[in-house]
Structures are given as structure tokens and as C-alpha cells.
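The following exercises concern aromatic side chains and strands in one structure. Work through each task before reading its solution.

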Amino acid sequence: MFAHISAIPYQYIALPHDVQLMVKRLDLVHPTISGNKFFKLKYNFLEAKRLGYTQVLSFGGAYSNHILALAYAAHEYSFQSIAIIRGEELADLPLNPTLQTAQDLGMQFKFISRADYRLKHTSEFLAQFKQCYPHAYIIPEGGTNAFAIKGCEQILSAYDTQNFDVICCAVGTGGTIAGIINASLEQQQIIGFAALKADFLTNDVKQWVNKNNWSIFSDDTFGGYGKFNPQLLDFIEKIKKEYDLPLEPIYTGKAFYQLLQWIQTDYFPQPTRILFIHTGGLQTFQQNSSFILDIK
């Protein structure tokens, strides 16, 4: 299960600054269990198998990379999969490509109201689902828990800790950056670029780490989670054309945009060796390239 992966490729980005920028292409780890999702799900599935569960259950929006990765992993490793989807009105609409692919992989959906969805972390809410699905191993929204962080600690290699001064990544629920912080060296600087305006992210990450070499910034989220504008889309297209580096507008596009802004304004002392972790998430945007996320 989640067999050992081959070496993850790096991509050098040539910039007109005395800053070395490399991208670690986690998006190439697996075509469907993309990027950080591979690392987040690995030990969760091993634990589900160890405990004898036959189902996995998690939560997400209608365009969730996590839900699609979960559906594929469950199909691949003989689990039944269940997704609690935000938005009960979606039950009466045709499935978008993300949910249709997940359903084709055997995933069952339960659509709930947005008000109920906000209760997904409460013990009462989870108890109801444990009662309804007693054979299901429950994974939080976005996959972040202790097992996910254990997996994300494997994102950094010895090469990464020895050859880079700064390591950057996009931040959603905080699990990926927590794993990276734990695997980093104290003298390295870990920077997270949040995909949403969320002061709580720093406190969430603090509970998983014991180092002080990190910060999370949410200076430019282009309006909030799942929101973007022509400026960001033009930037993503430009990066694809100039560097053959595919990004998406929810996580990696925003993070890479902010990083290049900092480099161009000489935020980093020169020379600085920077590693950008590409956390994947391309497949959902590619499937839904004309969509507008409904994230309220």
C-alpha cells in the first residue's frame, strides 16, 4: 500500500536575481493521489487497514482535491469511500467532473447543508457519523491529523535539509507545513503562504510542531479561499509558458505569486537558496478549468 515512490524531480527556476529557486514537484508523485495528498493519506490508510476498517470517510467541497484523492486511494486499496459534501442543494444538480470521477471510483456522497458542515469538527457531529458508518475510518477535511503530518514529514529529504536556506509552500489546513517544519533543521526558514485569510492557521500548526523557524503569511489571497481574478490566472499562464511549471489558482498559484513578489522586492538576502514545494492539486482545476467555486 502506497508503495515506495521514486525520487521526486526538482525544477530549477532561472531568475534575474542572486537567489537560487528550485521547485520540488510533488505534483508528479502520482497522477491522481496528487502532491501532498499522497503523503497525507499514506499513514491514514495504513492505520485504517491495521484497525480492520473496510470504509474511509471524509469531508470536502464539491471541487475538493482531497475528496478525489481519497476516492482513488480507496478504490486502489479495496476500501469503500464515503464523502460528506458541503451544500445539500448539490444533491439535485448534475455532478461536476471532480465528483463524477470520484463516484466512478465507487465513492458514495452525502450532501449536507453549509450550516451543518460548519459543525464537522464537533464531537456531537462526528458521533452521528460514527453511528451511521460504524465500519468507516474517519479522516478530517483536508486530511490533516497526526498520521497526515507523519506522512508530510517525509516530503523533505536529506538533500533538502542540507542544500536550502528557505523552504516555502502553500497552506490550507496546515498539515503539510507542519510536517515540513518537523523535518526541517532549526537554521532553515520555513514560510507558508496561506490560501485563505485565517489567523487561526498559526495556532493550528503550533499544536503539531516544536520549532520556531516558521511563519505563515496571508497578505495576498486574492479575495479568500477558492477566489481568484484575471491577474492571478494571467500569472499562472505566464509561469507555464516561461518555465513549463503548471500551477493552479487555489493553492500553488497564490503561493508562487507571493514568493516571486518577495524575491523581486529583495525580501531575501542574497545569495539565498529557496525550495518551493509544489503541493499538487492540478487535476481538479484541469477538470474544472471554467468553474467558479462556490465556497460560501
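**Exercise 1.** In this predicted model, decide whether Trp262 is buried or exposed.

*Solution.* Step 1: the relative accessible area of Trp262 is 11%. Step 2: a residue counts as buried under 20%. Step 3: Trp262 is therefore buried.

**Exercise 2.** Determine how the rings of Phe193 and Trp262 are arranged, and which parts of the chain their pair ties together.

*Solution.* Step 1: the ring centres of Phe193 and Trp262 are 5.1 Å apart, and the planes make an angle of 75 degrees. Step 2: planes over 60 degrees apart count as edge-to-face, and the pair of Phe193 and Trp262 is accordingly edge-to-face. Step 3: Phe193 belongs to strand E8 and Trp262 to helix H11 (residues 252-264), so the pair links parts that are 69 residues apart in sequence. Step 4: Phe193 is also buried, at 1% relative accessibility. Step 5: both residues belong to one aromatic cluster, together with Phe217, Tyr267 and Phe268.

**Exercise 3.** Describe the surroundings of strand E7 (residues 166-171).

*Solution.* Step 1: six of the six residues of E7 are buried, so the strand is largely enclosed by the rest of the structure. Step 2: E7 runs parallel to strand E8 (residues 189-194), and six bridges join them; Ile167 has Ile190 as its bridge partner in E8. Step 3: E7 also runs parallel to strand E10 (residues 272-278), with three bridges; there, Val166 is partnered by Ile274. Step 4: together with helix H8 (residues 175-183), E7 and E8 make a right-handed β-α-β unit.

Terms used
Residues are numbered from 1 along each chain as its sequence is written. This is a predicted model: local features need pLDDT of at least 70, side-chain atom pairs count only at pLDDT 80 or more; totals for chains, interfaces and linings use all residues. Side-chain values use heavy atoms; hydrogens and water are left out. Buried means under 20% relative accessible area, exposed over 50%, partly exposed in between (1.4 Å probe, protein chains only). Helices (H or I, at least four residues) and strands (E, at least two) are DSSP runs, numbered from the N terminus. Two strands pair if DSSP finds at least two bridges between them. A crossover is right-handed if, with the strands pointing away from the viewer, the path from the first strand over the helix to the second runs clockwise. Rings of Phe, Tyr and Trp (its six-membered ring) pair if their centres lie within 6.5 Å; planes under 30 degrees apart count as stacked, over 60 as edge-to-face and the rest as tilted.
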